[in-house]
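Colleague: I would like a close look at how the helices pack in this model and at the empty space left among them. Please go through it slowly, with the cut-offs as they come up.

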Amino acid sequence: MSIDEIIKNCEKYLIKNEYKSYDQFDALTNPLINRLTKNKQLARRIAIQVVAKFPFDLHWLGMKKMLHTKTISDMLWFYSIEKGIDASNEINHFFELLIQKKLKDRYIWGLTFPYTSRFIDADASMPNLYNTVNAGISICYSFLHLKDPNKQIAKEAINGIIHSIETEFGYIDEDPKGWYIYYPGQKHPVYNVNALTIYFLVFVKKLGLNDLRFLDKRIKSLIHLLAEEQENDGSWFYSRSDKGKWIDGFHTGFILESLAFAHKEGYAKEIAEILHLGWDFYLKKMFTKEGYSKYYLESNKFPIESQNYAQTIQTLSNISKWLKWDQKDLLNKTINIVIKNLYDKRGFFYYKKTKFFIYKQPFLRWSVTPMMIALSYSKQLGHYKN
């Protein structure tokens, strides 16, 4: 099938399901599980991982289908890059939905369901930097296509996000480097989400919607963080924390794509060396010799995982487009692998495929909307062959 056909089928599937889905990390949306594990972080983590990793779908146990924040911001991003002004109604619709989803009276967003990891025990009302910055990037992409009343709200939202990440989350100054806190109260930087914050702040600067000197100062401090804490081989761990000493494909992709965006928007001098080193590591270490995108540095071809492949396609496509570092053959291999192994002609991508099982659940914010964005970017290059 062509990429256009796949994207259209996914769009139809999303509309049919009103953009709602289960999530691989949603075990605590089951009221009984949530109540039995309350204040027991290890028990909550185990419950989430059992549901996420069990080869058969356990959502019949009572988890809730939801309209996830990331699904909304992804659709806003998708329509803005895929159709632009021709999708004005859709863009304004998803922009308004995203604004409705913000938490409290501030421009901050979270998962909107309870979630526990090795780093955090979050309730449904807790914001996080990842969802907030992704909302911000999608608003930036949509900005030129918004109707005038929404454009004014978007200006307020963008400035509100910047204020909130300074105050609600917090900026840690380690001059000359600095970083933003992922979840309120965390004490170590997470590199990939700070790279995405670079993407957002550079985009805001490009649009001229905030104090340029302030934005430049923050962007350069975040670049210093990634430069000083990049490993000698060009990689980045997930976090500075001892709990975050792993390297994976899709978080590496976040970092490289964000740095490439900043590079093309005027930060080439600050970024060139670390970006070249990171790109070299990524191409040499995060793919198998057959062209499979590795989930962890230590992985082989499995798992073939939807979020990881979506980010791989997006990273390869955008770096090829923005910096002319063409990886046409690798990109085509990656697209063919994910379509062959994870695409369902009903209009969605499976969660993942391991050596022994296929996890056929279509988790929209994780496996479908990221793939739609990624395939849209790849299509812009115009050289995909199936």
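Modeller: Happy to! Helices (H or I, at least four residues) and strands (E, at least two) are DSSP runs numbered from the N terminus, while axes are lines fitted to C-alpha atoms, for helices over the stretch in contact, with angles from 0 to 180 degrees between N-to-C directions. The model is predicted, so local features need pLDDT of at least 70 and side-chain atom pairs pLDDT 80 or more, whereas totals for chains, interfaces and linings use all residues. Residues are numbered from 1 along each chain as its sequence is written, and side-chain values use heavy atoms, without hydrogens or water.

Let me start with helix 1 and helix 4, which pack at an angle of about 145 degrees with their axes 14 Å apart. Their crossing is left-handed (the near helix is turned anticlockwise from the far one by less than a right angle; clockwise would be right-handed). On the helix 1 side, D4, I7, E11 and L14 make the contact, and they meet M75, F78, Y79 and E82 of helix 4 (contact means heavy atoms within 4.5 Å). This contact divides into 5 nonpolar, no polar and 3 charged residues (Ala, Val, Leu, Ile, Met, Phe, Trp, Tyr, Cys and Pro are nonpolar, Asp, Glu, Lys and Arg charged, and the others, Gly among them, polar). Following the chain on from helix 1 (3–16), you come to the loop that leads to helix 2 (31–36), where E18 lies. E18 is not a glycine, yet its phi is positive, at about 55 degrees.

Now move to helix 6 (residues 129–142) and helix 7 (residues 148–170), whose axes are 10 Å apart and whose packing angle is about 160 degrees. This is why helix 6 counts as roughly antiparallel to helix 7 (over 145 degrees is roughly antiparallel, under 35 roughly parallel, 65 to 115 roughly perpendicular, and the rest oblique). Here too the crossing is left-handed. Helix 6 brings L129, T132, G136, I139 and C140 to the contact, and helix 7 brings A154, A157, I158, I161, I165 and F169. Sorted by class, that makes 9 nonpolar and 2 polar residues, with no charged ones.

Next comes the space. On a 1 Å grid over the protein atoms alone, a cavity is a set of points where a 1.4 Å probe fits but cannot get out, a pocket is an open set with protein on both sides within 12 Å along at least five of seven lines, and lining residues have an atom within 4 Å of a point. Points are joined across faces, edges and corners, and the volume is the space filled by probe spheres set on them.

The whole structure holds 3 cavities of 30 Å³ or more. The largest cavity encloses about 160 Å³. It has 15 lining residues, and K70, N134, F254, Q311 and Q314 are the closest to its centre. Two or more lining residues come from each of helix 4 (69–82), helix 6, helix 8 (191–207), helix 10 (249–285), helix 11 (306–323) and helix 13 (364–381), with helix 11 giving the most, 4 residues. This lining has 8 nonpolar, 4 polar and 3 charged residues.

The second largest cavity holds about 40 Å³. Among the residues around it are N192, W236, F237, Y238, W246, D248 and H251, and helix 10 supplies the largest share, 3 residues. By class, its lining divides into 6 nonpolar, 3 polar and 1 charged.

As for pockets, the largest has a volume of about 1100 Å³. Of its 36 lining residues, F25, Y115, F250, Y295 and W366 lie nearest the centre. Helix 3 (41–53) gives the largest share of this lining, 4 residues, and strand 1 (115–116), helix 6, helix 8, helix 10 and helix 13 are among the elements that supply at least two. The classes here are 19 nonpolar, 10 polar and 7 charged.

The second largest pocket, at about 300 Å³, has 16 lining residues, with S80, I81, Y141, F203 and K206 nearest its centre. Helix 4, helix 6, helix 8, helix 10, helix 11 and helix 13 each give two or more residues to it. Its lining comprises 9 nonpolar, 4 polar and 3 charged residues.

One last stop is the loop after helix 10, before strand 5 (304–305), where P303 lies. The peptide bond joining F302 and P303 is cis, with omega about 0 degrees.
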